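Colleague: I am new to this structure and would like to learn how to read it. Could you take me through its features one at a time?

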Amino acid sequence: MPAEQIPVSNPPPLPSHLPDNILELAVKPQAKSLPENVLQSLRGFQRAAEYIAAAMIFLSDNVLLESDLQLEHVKPRLLGHWGTCPGLILVWSHLNLLIRNHDLDMIYVIGPGHGAPAALASLWLEGSLEKFYPGEYDCNAEGLKNLITRFSVPGGFPRPDVVWKLTGGSHINAETPGAIHEGGELGYALAVSFGAVMDNPDLIVTCIVGDGEAETGPTATAWHSIKYLDPKESGAVIPILHANGFKISERTIFGCMDDKEIVCLFSGYGYQVRIVEQLDDIDNQLQGALEWALVEIKKIQHAARSGKPIVKPRWPMLVLRTPKGWTGPKEVDGKIIEGSFHSHQVPLPKANSDEGQLKELQDWLASYKIHELIRDGGPTESVLSILPTDDSKKLGQIKTSYDPYTPLKPVDWKKFGVEKGIEQSCMQATGAFLDAVFSTNPKTIRLFSPDELESNKLSAVLDHTQRNFQWDKYSRGNGGRVIEVLSEHSCQGFMQGYTITGRTSLFPSYESFLGIVHTMMVQYSKFVKIAREVKWRGELPSINYIETSTWARQEHNGFSHQNPSFIGAVLNIKPEAARVYLPPDANCFLSTVHHVLKSRNKTNLLIGSKQPTAVYLSPAEADAHCSRGASIWQFASSPDNAWQNPDVVLTGIGVEVTFETVKAAELLREICPELKVRVVNVTDLMILVPESRHPHALSDEKFAELFTEDKPVVFNYHGYPTELRGLLFGRKGTQRMSVGGYIEEGSTTTPFDMMLVNGVNPDNIYNMAKFE
């Protein structure tokens with residue numbers, strides 16, 4: 001049976017069986033009309049931006065319809081997403097007015113990142129593209145032509161300079177002024193928005209969430225972010241659920257929920273819900289809803305900041321119901337376009353080859369009457385009159401979105417170092433150090449953790465701060481630096497938003513579960529990669545992951561908790577950003593944490609043990625060792641300088657496997673004293689990569705100083721052996737190098753057994769060394 005075609009545009013949801021009085025929970029619209037000149041300006045901005053967005057998808061010439069369209073005026077390859085653009089532009093125009101009227105600091109986070117034409121069109125109209133790309137996207141005829149004709153062209157521009165690739169793709173990214181979110185993979189916009197406003201008391205982020213994105217797991221949890229937002233110290237988020245009813249080719253869950261179901265769901269989450277859906281009065285309704293939301297935010301914040309916080313405040317949110325592809329073609333070749341999934345991408349896919357669709361494109365674009373809105377190459381005053389008068393307040397120019405870096409005040413980590421020769425947990429030592437860092441930087445660092453702080457033995461961070469959970473009687477309103485929520489997606493989103501607005505954060509987790517945010521980490525790293533190539537973006541703090549509760553020490557858990565694969569995820573991002581550290585003891589871990597908190601623009605992964613382990617190096621020795629990234633451990637090698645000309649090199653990379661390596665060297669000295677053994681420890685994994693592939697890599701000369709030029713090398717590695725073999729590929733003499741590591745063997749068993757079944761125990765290292 002073939003799939004049924006939906007016969008109507010913008011079909012309503014089926015009615016629910018919930019009682020009608022549920023709607024009493026919804027905020028009722030207040031009838032208030034905007035002045036006519038304001039309404040005309042709003043509609044003028046919308047029409048102009050909708051025209052430009054549509055033209056960007058289609059036109060390679062004749063961009064202002066100065067003559068009838070010809071097939072040669074249409075791009076040979078049509079790319080872009082139209083369906084979400086009208087809704088994004090509608091909100092953009094109203095945020096302009098809200099900012100102008102109230103002098104707000106606001107960022108607009110766009111969940112449907114594929115709606116780049118909407119953002120770029122609006123940024124051109126407000127002059128933000130001209131500010132950041134002068135001479136290319138100026139508010140004149142040439143600038144507009146560049147914007148329209150270069151959109152979705154591979155590479156964006158014919159020039160090689162990477163700064164000029166703005167319109168090369170159809171997604172919002174770091175080249176887009178005002179953007180703080182990589183709008184590719186859906187699901188993260190809301191958590192990022194809440195992270196951005198934490199410790200930013202004057203900032204409001206308006207976050208539009210598409211109803212397709214709202215189906216994702218990360219978004220489902222992110223609605224609860226209001227429960228972690230302290231209005232005394234932080235700003236606010238205005239979530240807008242844009243229910244246009246369709247995804248790429250199917251109706252959405254939220255588009256098929258009636259108002260009663262929507263209100264019931266989000267009221268239970270803790271929101272006041274206001275639904276905006278009256279299309280013939282949409283501008284009055286939407287502006288009234290935004291004004292109401294602002295009043296509610298100020299009320300909640302004023303109460304908290306005056307010492308009388310509201311318990312469980314109901315934060316405002318909007319639900320915007322507009323048709324997908326609104327103002328676009330109604331029907332093409334017998335298929336409904338506006339108000340259906342057919343408008344999602346290119347509503348006229350044959351406009352470059354079919355005269356009938358070309359005529360429909362002509363009529364569609366002409367309906368915006370662009371010559372009333374663009375004169376002498378620039379937008380008219382009526383289009384611009386709703387914009388903020390202060391350029392720095394425009395959505396594309398708020399400094400928090402592009403140059404926000406606030407470095408931490410330093411803390412001397414060596415004061416928290418431990419005595420060499422004892423046993424100490426890397427995490428316990430780190431918790432004490434972070435406690436001091438938080439005390440010294442009470443508003444510029446946070447820790448986001450999926451309910452594992454105590455288990456991971458980092459609880460010393462709570463000696464002078466607290467958890468921050470506003471719905472809990474015992475941890476609300478206290479300025480706590482720690483947010484624990486059992487959602488890795490939310491932790492990652494909070495960390496991204498907090499970091500990309502200039503502050504520093506950490507994300508500690510069980511090793512096996514960081515893989516949950518693998519693709520989120522990759523998306524963010526892509527954003528930062530592009531940001532580093534954009535001249536007008538400033539530096540950012542690094543994002544910092546701490547992996548513990550590793551596969552080697554899972555006393556309470558089993559095979560499911562034994563998974564070091566996140567190392568490989570980080571290794572696959574650009575080498576300029578990727579850093580993986582495996583400090584061998586508590587002092588080295590402290591030194592490394594201190595380093596990453598100062599670092600910028602990196603994705604740092606630190607792996608350490610929560611259990612007490614041997615401390616090999618003093619704080620001073622650890623500092624020197626970590627600065628080098630690797631060194632020869634004379635104390636563990638053959639005595640009497642025999643290690644200087646070794647027969648074999650044993651190398652530990654990771655806490656537990658380094659202990660096994662040291663014990664293997666002891667075993668060799670006892671059983672084969674004539675065998676000259678050198679022990680090397682590697683703490684910075686990236687130094688092993690050939691020099692041409694990573695900026696941290698050792699030169700061939702330095703590599704040979706550690707590992708010799710021709711002697712056998714046995715690597716005992718924390719992660720998967722194939723990862724390390726890949727890193728070493730290209731080094732001279734890899735045929736003499738053996739790699740042991742985690743090989744997917746395990747259970748709820750002893751640490752000794754875990755070493756044994758994965759072949760990283762001293763006996764196995766001993767045998768490998770003898771064989772070599």
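Modeller: Let us begin with charged side chains: a search of the whole structure finds 28 salt bridges, a salt bridge being a side-chain nitrogen of Lys or Arg within 4 Å of a carboxyl oxygen of Asp or Glu. Please keep in mind that this is a predicted model, in which local features need pLDDT of at least 70 and side-chain atom pairs count only at pLDDT 80 or more, while totals for chains, interfaces and linings use all residues. Residues are numbered from 1 along each chain as its sequence is written, and side-chain values use heavy atoms, with hydrogens and water left out.

Colleague: Which parts does the salt bridge between Arg321 and Glu277 tie together?

Modeller: Helices (H or I, at least four residues) and strands (E, at least two) are DSSP runs, numbered from the N terminus. The side chains of Arg321 and Glu277 meet at 3.6 Å, N to O; Arg321 lies in the loop between strand 5 (315-320) and strand 6 (331-332), and Glu277 in the loop between strand 4 (271-276) and helix 9 (282-305), so the pair joins parts that are 44 residues apart in sequence.

Colleague: Is Glu338 buried or exposed, and what about its partner Lys330?

Modeller: Buried means under 20% relative accessible area, exposed over 50%, and partly exposed in between (1.4 Å probe, protein chains only). Glu338 is buried at 9%, whereas Lys330 is exposed at 54%, and the closest N and O atoms of their salt bridge are 2.9 Å apart.

Colleague: How should I read a salt bridge inside one helix, such as that of Glu705 and Lys702?

Modeller: An α-helix has 3.6 residues a turn, so residues three or four places apart point the same way. Glu705 and Lys702 are 3 residues apart in helix 19 (residues 700-707), which separates them by about one helical turn, and their side chains meet at 4.0 Å, N to O.

Colleague: At what angle do helix 3 and helix 5 pack?

Modeller: Axes are lines fitted to C-alpha atoms, for helices over the stretch in contact, and angles run from 0 to 180 degrees between N-to-C directions. Helix 3 (residues 116-126) and helix 5 (residues 141-150) pack at about 175°, with axes 11 Å apart, and are therefore roughly antiparallel (angles under 35 degrees count as roughly parallel, over 145 as roughly antiparallel, 65 to 115 as roughly perpendicular and the rest as oblique).
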